[in-house]
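Student: I have a structure here and want to go through its pockets. Can we take them one by one?

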Amino acid sequence: MELGLVGLGKMGGNMRERIRRAGHTVVGFDRNPDLADVHSLEDLVGSLAGPRVVWVMVPAGAATQLTIDRLAELLDHGDVVVDGGNSRWTDDERHAAQLAAAGIGFVDCGVSGGVWGLENGYALMYGGSGEHVDRVRPIFDALKPPGDHGSVHAGKVGAGHFAKMVHNGIEYAMMQAYAEGWELLEKVESVENVRDVFRSWQDGTVIRSWLLDLAVNALDDDEHLERLEGRAEDSGEGRWTVEAAIDHAVPLPAITASLFARFSSRQDDSPQMKMIAALRNQFGGHAVTEK
């Protein structure tokens, strides 16, 4: 299958490689010419045989909107656009309507896997009509982890990004719990080897997880996280999760508290936020601020 891929950063570049390893043809465009296969969106669209599938992996908001606007002009009736970035689900509904006016299909896809996805595969949550999803399915199959799980048609347009948004909200709360536990262990004089306490939890305990494994990786790199500033940003999806909970009257005390904790990290050098920052760097390659 042929695929056009727009955006070849940390996620997009690795996704291109994984799709190619599965035997598909990928034509990639990025504003950085050192990463791109073609020099423009026009070249990308012109290099693909119709009906085309173009996957967008650019930052949510204005960058995605500009890309959708241009693809609406360049693509033909029967083509399909996939938004694999972290767009808000309400934007998906607007983009689908905009493209449908030109006879172009739309699928939204939440992608989880970070910098580890190239080798491990990406968990995929996608929304859209069955017809449009089926057009993209060979690419979904190439990206997903091996086995029967890790990929789901969550529902209609917007469902994929809504599911990924909730996933990220849960991620906020899980990281916050590990961070709070780590800070408490560090404060107690009787516990002399906090790193190996975390390591001991990796097998046989009810709190073992990939995030715990990544926490141990971070502590192996910097045992007391002394090189990090206790500050963690939020990508926006935690805020959207809390806003959706308010709209639907669903109580989310743990997720909401974890979001507010990140806000507090921007006021003081928070020990907990050192762990949050370390975990975000481990699983997603997100930038950290070192002292």
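Student: Which element gives the largest share of the lining of the largest pocket?

Tutor: Keep in mind that this is a predicted model. Several elements give two or more residues to this lining, including α1 (10–21), α3 (62–74) and β5 (105–112). The largest share is 8 residues, and it comes from α7.

Student: How much space lies in the largest pocket?

Tutor: The lining counts 46 residues. Those closest to the centre include Met11, Gly85 and His286. The space in this largest pocket is about 1,400 Å³.

Student: By class, how many residues in the lining of the largest pocket are charged?

Tutor: Split the lining by class. There are 21 nonpolar residues and 16 polar ones. The charged residues number 9.

Student: What volume does the second largest pocket have?

Tutor: Find the site from its lining first. Ala218, Leu225, Arg227 and Glu290 are among the residues there. The volume of this second largest pocket is about 150 Å³.

Student: Which element gives the most to the lining of the second largest pocket?

Tutor: Two or more residues come from each of α9 and α12. The top contribution is 3 residues. That element is α12.

Student: And by class, how many charged residues are in the lining of the second largest pocket?

Tutor: Asp221, Asp222, Arg227 and Glu290 belong to this lining, and Asp, Glu and Arg count as charged. The lining also has 5 nonpolar and 2 polar residues. The charged count is 4.

Key: Residues are numbered from 1 along each chain as its sequence is written. This is a predicted model: local features need pLDDT of at least 70, side-chain atom pairs count only at pLDDT 80 or more; totals for chains, interfaces and linings use all residues. Side-chain values use heavy atoms; hydrogens and water are left out. On a 1 Å grid over the protein atoms alone, a cavity is a set of points where a 1.4 Å probe fits but cannot get out, and a pocket is an open set with protein on both sides within 12 Å along at least five of seven lines; lining residues have an atom within 4 Å of a point. Grid points are joined across faces, edges and corners, and a volume is the space filled by probe spheres set on the points. Helices (H or I, at least four residues) and strands (E, at least two) are DSSP runs, numbered from the N terminus.
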